[in-house]
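These are my notebook entries on strand pairing, domain contact and chain contact, written in the order in which I looked things up.

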There are 2 protein chains.
Amino acid sequence: MAELRKDPLTYRWVIVSTERTKSPAEFISSSCSSEAESGKNDPLAEGNEKMTPPEIYALRPKAGLANTGGWKVRVIPNTYPVLRIEGQNRAEGVGIYDMMDAVGAHEIIVETPLTGHPLETLAVEEIAEVFKTYKLRMIDLEKDLRFRYLLVFKNVGRMAGASLSHAHSQLIATPVVPSIVQNKLDHARSYYTEKERSIFEDILQQELRDNQRVVYQNSGFIAFCPYASRFPFEVSIFPRRQMSDFYSAEKNEFIQIADCYKVVVQKLNKALNHPHYNCLLYTAPTRSSTTTARLDGLERYFRWHVEIIPRVTMITGFEVGSGFYINPVPPEAAAQFMQDVQV
Amino acid sequence: MAELRKDPLTYRWVIVSTERTKSPAEFISSSCSSEAESGKNDPLAEGNEKMTPPEIYALRPKAGLANTGGWKVRVIPNTYPVLRIEGQNRAEGVGIYDMMDAVGAHEIIVETPLTGHPLETLAVEEIAEVFKTYKLRMIDLEKDLRFRYLLVFKNVGRMAGASLSHAHSQLIATPVVPSIVQNKLDHARSYYTEKERSIFEDILQQELRDNQRVVYQNSGFIAFCPYASRFPFEVSIFPRRQMSDFYSAEKNEFIQIADCYKVVVQKLNKALNHPHYNCLLYTAPTRSSTTTARLDGLERYFRWHVEIIPRVTMITGFEVGSGFYINPVPPEAAAQFMQDVQV
């Protein structure tokens, strides 16, 4: 089992395992397993459905039985969840410290039945089905009033924290709003309060006007290297339309975000020779945790967005200790290079 | 050259290089150079003083000429500084964005003249001289009114961001207080305002009382795995005596912190087979940036401290995207294991 613990100096919540095993080696091995499986030993491949926990959802165009083949996208609980679905949000003081039960959900979205096919190599319509699956899972999990936030993310490659190479993303439902999300919400709200404008719209207009950091755009989305990029070749994708919740996206928008994702990752692959990367989908916190904020204008001041972060530099002591990032690549140069790369 | 840029959504400052070179490969290579030099090609070794920029300071027990051998500890400017000493703190708006000139200092503290001798393998008295050197450099840099914070840190091993294996630490002087430090200051101040007690003293007393997470102690310092450790086997070292500024430490305290550092790192080396790690020295911001805070009690509510962070797990998309950390090792188990390891 695990606990959420709050650091009294930084107010940072940490998910701490409380299972005691025998040696440090045992602790570490579970989180550093190797990647690169193929065919028979790929637990996420079609035909190996029995190697995973029973599915939560699967897209089966021709129907068919659960936990058998014939699916396009499949959602399963993580075999080693960092948060568990059982229990209440029990919170208590431990001496001067604060803890909370680590209640949540941890799901794996298997993006394709095929081994060795990264998401960006699929057809745009297939990628769109993966984004639609996020929407379905979010709508379902949002009903659980214990959950405050639903974070969808992808780890691609060992340097980005992946332990399996089969194309997949993860969804973690947390009982508190993560600090980075809360930061974005707070600053977007104060900007809106002061200017009666959305900071997301202002950033988007600034990027279109400057036209120095835009990487790609289509009728629904703009992909750009943020002005204060933390990492070389970091890309943000904003929808042109104001939507605070990812699940408000509509049919053609799934095709457009899929197209945008595919082009950006293909450009990164060419520019940086298939970098390991993380992808993050930021949406508004669940309705149960934002009842007041929604009355205050959250649906006008916050906009869902995607971040793609290549992991080509190490996170050093300076970054870990200060929260400052050092980016050796100007985002203007990264964007120019990615614009020039043909995919 | 570089700029400080502020992200409008997270208010995070980023140090962004603005030098344009030709290809992405060029950008990346500078930050990912390999480690493991030995003898002749070790720019930080005694006898190779000409391979580095001229020294800022050196401890020479028998005097001798600058930039020659005969030193025990040597301080040089970083050949590739992330912040530069020249210029004013010019700040300006760039469209809707904020930027500041990347003025600062970036120094390398070479901890020993010998190649292949990590800091923890030196005698306690030698390690104490390294800590005393931090003090001297801080007192000198604090005079520069453009600097708000002085962060001393160590990257040991490639996974921790080291590009050279010769024992060294770094000091970066920044023109803004880093967000993690500001967080600690804010929370320590509000705790003090509410309770008229130091949160550092309360944490220290709680750890001594619980006696579940203490790793090592001597008459000056307590080393413990923090209650909400982000990383497996993370260790914090607090002085027993209230001091907000590291440079207030006195003679015997340098010996005691050196002893504590040596024991903790030797225990980590045994427990985790010489893990790569970061070490951070948190002191109060410079006097020029805390004139009011010092009147408000900073010298009673903030205490300098050290963090040692083994880098044995990957930082995944979840951590990068949420600010939440997942720690697979309970700090109680890590502390127990380190207590049991004999060094």
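I began with strand β1 (residues 2-6) of chain A, which pairs with β2(A) in the antiparallel sense over five bridges. To fix the register I looked up Leu4(A), and its bridge partner in β2(A) is Ile15(A). I note here that I am working with a predicted model.

Next I asked what lies on from β2(A), and found that strand β2 (residues 13-17) of chain A is joined by three bridges to strand β15 (residues 325-327) of chain B, the two running parallel. In this pairing Val14(A) has Tyr325(B) of β15(B) as its bridge partner. I then wrote down the whole sheet, which is open, has five strands in the order β5(A)-β6(A)-β1(A)-β2(A)-β15(B), and shows mixed pairing. Its edges are β5 (91-94) of chain A and β15 of chain B; each has a single partner strand, so one side of each is left without a neighbour in the sheet. Ignoring direction, I read an average turn of 30° between neighbouring strands of this sheet. As a reminder to myself, strands of a sheet pair through backbone hydrogen bonds, either parallel or antiparallel.

I turned to strand β7 (residues 105-110) of chain A and asked how many of its six residues are buried. Five of the six are, counting a residue as buried if 20 or more other C-beta atoms lie within 10 Å of its own, so β7(A) is largely enclosed by the rest of the structure. For its partners, I found four bridges to strand β4 (residues 73-77) of chain A, running antiparallel, and six bridges to strand β9 (residues 168-174) of chain A, also antiparallel. Val110(A) turned up in both lookups, being the bridge partner of Arg74(A) and having His168(A) as its bridge partner in β9(A).

In chain B I checked strand β7 (residues 105-110) against strand β9 (residues 168-174), and these pair in the antiparallel sense over six bridges. Glu107(B) has Leu171(B) in β9(B) as its bridge partner. Both strands belong to an open sheet of ten strands in chain B, with antiparallel pairing and the order β3-β4-β7-β9-β8-β13-β14-β12-β11-β10. At the edges I found β3 (57-59) and β10 (214-217) of chain B, each with a single partner strand, so that one side of each is left without a neighbour in the sheet. The average turn between neighbouring strands here is 20°, direction ignored.

My next entry concerns the domains of chain A, which are assigned as domain 1 (2-174) and domain 2 (179-340). Their centres, taken over C-alpha atoms, are 22 Å apart, and the contact takes 26 residues from domain 1 and 27 residues from domain 2. On the domain 1 side, α2 (124-142) and β8 (149-156) of chain A each supply at least two residues, and α2(A) gives the most, with ten residues. I sorted the residues of that side into 16 nonpolar, two polar and eight charged.

Last, I looked at the contact between the chains, where 78 residues of chain B meet 78 residues of chain A. Which helix gives the most to the side of chain B that touches chain A? Helix α3 (residues 179-195) of chain B does, with seven residues. By residue class, that side of chain B divides into 46 nonpolar, 22 polar and ten charged.

Definitions and conventions. Residues numbered from 1 in each chain as written. Chains lettered and ligands numbered in written order. Predicted model: local features only at pLDDT ≥ 70, side-chain atom pairs only at ≥ 80, totals over all residues. Domains from an automatic or database assignment. Contact = placed C-beta atoms within 7 Å. Nonpolar A, V, L, I, M, F, W, Y, C, P; charged D, E, K, R; others polar. Pairing = 2+ DSSP bridges. Axes fitted to C-alpha atoms, helices over the stretch in contact; angles between N-to-C directions. Buried ≥ 20, exposed ≤ 12 C-beta atoms within 10 Å, placed from the backbone.
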